[in-house]
Amino acid sequence: MSSIADNIDAIRQRVALAAERAGRSPSDVELLAVSKTFPVEQIQEAADAGQLLFGENKVQELLAKQPLLSSKLRWHLIGHLQSNKVRKCLSVVDAIHSVDSIDLARDINRIASELGLFPKVYLEVNLAAESTKYGFKPEHLKQSLDELYSLDRLFIQGLMCIPPFDANAENTRHYFVVLRELRDELQIQGGAPLPKLSMGMSHDFEVAIEEGSTIVRVGSAIFGSR
Ligand SMILES: *Cc1c(COP(=O)(O)O)cnc(C)c1O
């Protein structure tokens with residue numbers, strides 16, 4: 001069985017190779033280690049291997065783990081955020097990948113203003129119109145863009161997606177292309193850069209990088225199956 005440190009090493013190499021294949025610099029792609037459901041001991045192991053950026057999908061779990069680990073670690077929320085957890089979330093996270101509605105964006109903006117913060121956020125897009133998933137529909141995002149840009153506490157980084165699962169990563173490439181093209185359209189519409197794309201997980205991060213991902217969210221390939 002390979003160790004967490006070995007897994008991180010191997011993934012970093014695969015990230016670098018995928019970036020090079022796409023004519024990109026490996027340093028343009030961040031690795032977010034998704035530690036949901038895994039205990040702090042394993043997160044510590046990853047941290048000892050030099051991994052300092054972690055993702056959790058539940059605020060409660062993040063709040064429970066974060067105080068037990070070094071303050072050098074940075075945390076991103078990647079799961080749906082309920083309005084009543086925004087305040088607690090903002091006090092511990094470095095970025096939120098899952099801003100999935102205009103109501104949530106307004107709540108984050110208001111509470112960030114009360115707390116004197118400018119949180120980094122990604123707008124989550126539901127590309128396949130899956131009823132089981134959160135996220136803006138692409139058309140709705142275009143309609144909401146002006147209001148989103150008027151929320152002056154939000155430091156909007158770019159877009160995020162969780163495509164329908166397919167064990168064959170090539171079948172997911174299309175969604176990554178669609179997210180990138182939507183980003184390009186929104187940049188023109190809004191007249192502001194959206195430099196970041198949060199896309200790619202354990203089974204498809206290389207394809208996502210080839211299509212422009214700037215941050216891959218990798219869990220099981222680092223920590224094992226959940
Ligand atoms: C769990 C999760 C991941 C990581 O999934 P793996 O397949 O374990 O790499 C990435 N993104 C989100 C939003 C998740 O909830």
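A cavity is a set of grid points where a 1.4 Å probe fits but cannot get out. The exercises below use this term and apply to a predicted model.

**Exercise 1. The enclosed and the open space**

Determine how many cavities of 30 Å³ or more are counted, and describe the lining of the largest cavity and of the largest pocket.

Solution. The count comes to one cavity of 30 Å³ or more, and about 60 Å³ of space lies in the largest cavity. Turning to the walls, 13 residues line the largest cavity, and those nearest its centre are Val 125, Asn 126, Leu 127, Ile 162 and Pro 163. Sorted by class, that lining consists of nine nonpolar, one polar and three charged residues.

The largest pocket, for its part, has a volume of about 520 Å³. Its lining is made up of 24 residues, with Lys 36, Ile 78, Ile 162, Met 201 and Arg 217 nearest the centre, and by class it has 10 nonpolar, eight polar and six charged residues. Ile 162 is thus named among the residues nearest the centre of the largest cavity and also among those nearest the centre of the largest pocket.

**Exercise 2. Helix H7**

Check what span helix H7 should have from its number of residues, and state which elements its buried residues pack against.

Solution. The expected span is 1.5 Å times one less than the number of residues. Helix H7 has 18 residues, 173-190, and therefore should span 26 Å, which agrees with the 26 Å between its end C-alpha atoms.

The next step concerns burial, for which the cut-off is under 20% relative accessible area. In H7 the buried residues are Arg 173, Tyr 175, Phe 176, Val 177, Leu 179, Leu 182, Arg 183 and Leu 186. An α-helix has 3.6 residues a turn, so residues three or four places apart point the same way. The buried residues of H7 pack against strands S5 (120-125), S6 (155-161) and S7 (196-198), and against helices H6 (138-150) and H8 (205-210). After H7 comes Gly 191, whose phi is positive, near 65°.

**Exercise 3. Salt bridges across the chain**

For the salt bridges Arg 74 to Asp 94, Arg 106 to Glu 147 and Arg 180 to Glu 211, locate each partner and decide whether it is buried, partly exposed or exposed.

Solution. Side chains of opposite charge can pair when their charged atoms come close, and the structure holds 20 salt bridges.

1. In the bridge between Arg 74 and Asp 94 the closest N and O atoms are 3.1 Å apart. Arg 74 lies in strand S3 (residues 74-77) and Asp 94 in the loop between helix H4 (86-92) and strand S4 (95-99), so the pair ties together parts that are 20 residues apart in sequence. Arg 74, with a relative accessible area of 34%, is partly exposed, and Asp 94, at 23%, is also partly exposed.

2. Between Arg 106 and Glu 147 the closest N and O atoms are 2.6 Å apart. This pair joins helix H5 (residues 102-115), which holds Arg 106, to helix H6, which holds Glu 147, across 41 residues. Arg 106 is partly exposed at 36% relative accessibility, as is Glu 147 at 29%.

3. Arg 180 and Glu 211 have their closest N and O atoms 2.7 Å apart. Arg 180 belongs to helix H7 and Glu 211 to the loop between H8 and strand S8 (215-218), 31 residues apart. Here Arg 180 is partly exposed, with a relative accessible area of 23%, whereas Glu 211, at 12%, counts as buried. Both residues belong to a network of salt bridges that also includes Arg 21, Glu 170, Arg 173 and Glu 210.

How values were computed:
Residues numbered from 1 in each chain as written. Predicted model: local features only at pLDDT ≥ 70, side-chain atom pairs only at ≥ 80, totals over all residues. Heavy atoms only, no water. Helix = DSSP H or I, 4+ residues; strand = E, 2+ residues; numbered from the N terminus. Buried < 20%, exposed > 50% of the residue type's maximum accessible area, 1.4 Å probe, protein only. Contact = heavy atoms within 4.5 Å. 1 Å grid on protein atoms, 1.4 Å probe; cavity = no way out; pocket = protein on both sides within 12 Å on 5 of 7 lines; lining within 4 Å. Points joined across faces, edges and corners; volume = space filled by probe spheres on them. Nonpolar A, V, L, I, M, F, W, Y, C, P; charged D, E, K, R; others polar. Salt bridge = Lys/Arg side-chain N within 4 Å of Asp/Glu carboxyl O.
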